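Subject: Structure handover

Hello,

Here is the structure we talked about, with notes on what turned up in it. Please look it over alongside the text.

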Amino acid sequence: MRNILSSALLAGTATLLSACATPLAGPAVGLPADRALPRAATDARAPVTLLISIDGMHPDYLTRGVTPNLSRLAREGVSASLRPAWPTKTFPNHYSIVTGLVPDRHGIVGNRFIDPDFPEEIFTLPRLEPHWWDEAEPIWVTAEKAGIRTATMFWPGSNSKVRGTYPSDWQQFNQEVSERQRVDAVIDWLRRPADTRPKFVTLYFDTVDTAGHRHGPDAAETNAAIANADALIGRLLRELEGLGQPANLVITADHGMAATSASRVIPLQTVADPSLYRVIEGGPYAALEPTPGNEAKLAAALLRPHANMECWARGQMPARFQYGRNPRTPAFVCLADSGWTVTDRPVDPDYGGGAHGYDNLDPAMLAAFVAHGPAFARGRTLPTGDNVDVYPLLRRLIGLPAATDIDGDNDLIVALD
Ligand SMILES: [Zn+2]
């Protein structure tokens, strides 16, 4: 793992050095490979499909006047708002985008959850053991099995050997690898000769989400993070153009962001006696397991009306959530109203910022969607769609046959030219 990370950092370094050093491979000594290619060779480059996640990017962020690159792509290409799956959390929704399945079916049912088959463990963000991820097959695995080369510059699940397969190139997630280094690593992959150049690439930015959590969706700091992500998209576009590399860009997000406040907190201990439950996850919703022998008492405390929150036992959430059949889903879910926080922890008077995890029909949870490239229509705005619909679109773009038995449908295929 360490070696792979160092090669990511080295890849970034290689980009910086390429302007003044002899490239290791290329048709002409002394010039970067892209500039040395004859025109016919650059013309022959097949489009790459680039799936980019700007974590926490709400569609309204594109209307704030800080996204010249993304707004141009949206104007010239296709744009939409996407409904995330519930729970509106990072790992479940990133996995929905690359599997076409809702969390109940792909198995990543939260950012934290337990699996009855592994009762001693809790799934948390760094867990890489394949058994957590193997309930579904992400698109890079299907592509690799079909002989389509893939590379992931971070994506949840891509640093696990899902169903026995890694992407041809992948990186161990590390926030220390700057977003600019991530862009440069993707460009270095695309600099390769055709036989080792990936056809499908993911790229992941996390700082818009971080700023949204820390400062709230409407803060100046969040706008600065959005502007920074947009500038990196601009850098990516310039580099692609310099390479003569056509790209079908699918830029989206896992969820939006809602403002939170110390004045909108539901202390769990006011709802049920803390001896009755174990908190697996708190925040916009609480995932609770009963302590041994206390299921009925906990159900009595939770399954009644509450101000600003509704609780359900496993399998009892309204059908539209599509959640509760997977044995990994919590015994009880208490979902707060938008902007409220349900927690067993003390809350500081200055608690605030933003959060996601609310009802996936909450407009604050919507995710941006922008698609641009030779395969896409020009100047088309689509109605609000579902993020599981991205997967069939990706399959079409990279030349995989249509999938059956998924939750996504072909609504986004209309984005194609
Ligand atoms: Zn996220």
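Gln-269 sits in the loop that runs between β8 (265-267) and β9 (277-281). The model is a predicted one, and all values here are computed from it. With a relative accessibility of 42%, Gln-269 counts as partly exposed, because that value falls between the 20% and 50% limits. Leaving aside neighbours within four places in sequence, Gln-269 is in contact with Pro-274, Tyr-277, Thr-343 and Asp-344. Arg-345 is 76 residues away from Gln-269 in sequence, yet the C-alpha atoms of the two are 9.3 Å apart in space.

A second glutamine, Gln-245, is in the loop between α11 and β6. Gln-245 is buried, at 5% relative accessibility. Its side chain makes a polar contact of 2.5 Å with the side chain of Arg-45. Residues up to four places away in sequence not counted, Gln-245 touches Arg-45, Ala-46, Pro-47, Val-48, Leu-190, Arg-197 and Leu-240.

Next, the metal site. Which residues coordinate the zinc ion? The donors are Asp-55 (OD), listed twice, Thr-90 (OG1), Asp-254 (OD) and His-255 (NE2), at 2.0 to 2.7 Å. Along the sequence the donor residues follow the spacing D-x34-T-x163-D-H. Thr-90 belongs to helix α5 (residues 90-99) and His-255 to the loop between β6 (247-252) and β7 (258-261), so this pair ties together parts that are 165 residues apart in sequence. Thr-90 counts as buried at 10% relative accessibility, and His-255 is buried with a relative accessible area of 0%.

The search of the whole structure gave one disulfide. This link is between Cys-311 and Cys-334, with the sulfur atoms 2.2 Å apart. It is right-handed, with 110 degrees about the S-S bond. Cys-311 is in strand β11 (residues 309-313) and Cys-334 in strand β12 (residues 332-336), so the disulfide ties together parts that are 23 residues apart in sequence. Are the two cysteines buried or exposed? Cys-311 counts as buried at 8% relative accessibility, and Cys-334 counts as buried at 0%.

On packing: the largest nonpolar core has 95 residues, of which Leu-236, Leu-249 and Phe-369 touch the most other members. Helix α11 (residues 220-243) gives the most to this core, with nine residues. Apart from the largest core lies another, of 26 residues, among them Ile-266, Cys-311, Trp-340 and Met-365. Cys-311 is thus a member of that core as well as one half of the disulfide. Back in the largest core, Leu-249 has contacts with Leu-50, Ile-52, Leu-73, Leu-236, Leu-237, Leu-240, Val-370, Ala-371, His-372 and Phe-376, residues up to four places away in sequence not counted. Leu-240 is in the contact list of Leu-249 and also in that of Gln-245.

Finally, the totals for the chain. The secondary structure comes to 13 helices and 17 strands. Of the 417 residues, 58% count as buried. Among contacts with a separation of 6 or more, 72% are between residues 24 or more positions apart. The accessible surface is about 17,200 Å², and 53% of that belongs to carbon and sulfur atoms.

Regards

Definitions and conventions. Residues are numbered from 1 along each chain as its sequence is written. This is a predicted model: local features need pLDDT of at least 70, side-chain atom pairs count only at pLDDT 80 or more; totals for chains, interfaces and linings use all residues. Side-chain values use heavy atoms; hydrogens and water are left out. Donors are N, O and S atoms within 2.8 Å of the metal (3.2 Å for Na, K and Ca); water is not among the atoms, so sites may look incomplete. Helices (H or I, at least four residues) and strands (E, at least two) are DSSP runs, numbered from the N terminus. Buried means under 20% relative accessible area, exposed over 50%, partly exposed in between (1.4 Å probe, protein chains only). A nonpolar core is a set of buried Ala, Val, Leu, Ile, Met, Phe, Trp, Tyr and Cys residues joined through side-chain atoms within 4.5 Å. Contact means heavy atoms within 4.5 Å. A disulfide is a pair of cysteine sulfur atoms within 2.5 Å. Accessible areas come from the Shrake-Rupley method with a 1.4 Å probe; for residues, only the protein chains shown count as cover. A polar contact is a pair of N or O atoms within 3.5 Å; within protein, one must be able to donate a hydrogen and the other to accept it, and residues adjacent in sequence count only if both atoms are side-chain atoms.
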